[in-house]
Amino acid sequence: MSERPGADERPKTLLITLTGKDRPGVTSTVFETLARFGVEVIDIEQIVLRRRLVLGLLVSTPRDWKPLRDAVEKVADDLGMSVEVERGAGDNKPRPDGRSHVTVLGTPLKSAAVAAIAGRIADVGANIDRIERMARYPVTAINLHVSGAAPEKLRAVLAEEAARQGVDVAVQSADLLRRGMRLIVMDVDSTLIQGEVIEMLAAHAGCEPEVARVTEAAMRGELDFTESLTARVSLLEGLDAGAIERVYEDLVLAPGARTTIRTLKRLGYRFAIVSGGFSQITDRLAADLGIDFAAANELEIVNGKLTGRVLGEVVDRPGKARALRRFAAEVGITEAATIAIGDGANDLDMLSAAGLGIAFNAKPLVQKAADTSVNVPYLDTVMYLLGISREEIEAADAAAGIVTPAPPLG
């Protein structure tokens, strides 16, 4: 077996770093110059920030490297740019094990928060290999490629720092699952839609305050969900079933909901909604939004009136997790390829069962248990966690003749 070559045995390389005002043709001009010397391109990175270009090239070293250096320096001078040429050996070092995507969301995202997050990454012995912006509106979102620490360790440390800084931080393992077809399973009330359907029905029945108090306690995990649902629904006894239609007409989707579903379905994602609410609402939502699967409780209606009871098995906390697994099996994917989004205690089992559990504007108990939290009101921020930038979203919409909605800030 041959031994790995030492530093002195590795091929000699040149690192060329060009900086200056960007314009069309810079990259092609540089490579045309390099082509005259027959060098091999080993690595390349290029970024543009406010029309300032940084181009890094790692190339093999010709036998006589100085003429190449002189030629590159002349090109840079002609372009009005700066260049550095540094001799070395070999390629970049392989990134250490423990690779993660760390997404940071802020409104606004302040430099102190970025400094603190970067500091905690360094504290655990990890390194930031690359940074890219995913969005600048309605939130600022940046994605950090990090290596050298287990994602679970990073997640624990960064969750605490994110809370101190008032930003959201999501940590995901950098694996192929992020690039594959996935199933998104969402809660409905206060996640896909704004507000709680049962409270809206209660408003028509004249018992909204009583129902709201029980709902809030149940979402905090202080009450058994099935018992709380039974108690709340019993207060709706005698309500005209036509109230369901009026409630549906008054529903307001979470900002970015349609954009999220539209964009991810273009990429082959499947969607499910799983609700402790009512199928008379969720089935229509699924049909209107193009959602593939839905599971919810069914209100009993007799002679056009609600009886105050639900039919069949209650979709409760364990029931939501069972629904996620059932839908994943129907799609033909593993639970690891699912993403669950929810806000209440009855979503905890579903969030835990999913490959990625996202607490969306959730109660503290849920934020603590979930893989990551999003505390801005825009559902489409979830796509930034999946490596999809707002520019890509808007470009895809534009190609389809759609103007991507721009939700108001604040």
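## Questions about a sheet and a lysine

Tutor: Across from E132 sits N143 in β7.

Student: What makes β7 a strand?

Tutor: Strands are DSSP runs of E with at least two residues, helices are runs of H or I with at least four, and both are numbered from the N terminus. Strand β7 covers residues 140-147, so it fits that rule. This is a predicted model, where local features need pLDDT of at least 70, side-chain atom pairs count only at pLDDT 80 or more, and totals for chains, interfaces and linings use all residues. Residues are numbered from 1 along each chain as its sequence is written, and side-chain values use heavy atoms, leaving out hydrogens and water.

Student: How do you know that β6 and β7 pair?

Tutor: Pairing asks for at least two bridges found by DSSP between two strands. β6 and β7 have seven, in the antiparallel sense, so they count as a pair.

Student: Why are β6 and β8 called edge strands?

Tutor: The open sheet has four strands in the order β6-β7-β5-β8, with antiparallel pairing. β6 (127-135) and β8 each pair on one side only, which makes them the edge strands.

Student: Now to K363: why is this residue called buried?

Tutor: Buried means under 20% relative accessible area, exposed means over 50%, and partly exposed lies in between, using a 1.4 Å probe and protein chains only. K363 has 18%, so it is buried. You will find K363 in the loop between β14 (356-360) and α13 (364-369).

Student: What does K363 touch?

Tutor: Leaving aside residues up to four places away in sequence, K363 touches E216, M219 and D343. Contact here means heavy atoms within 4.5 Å.
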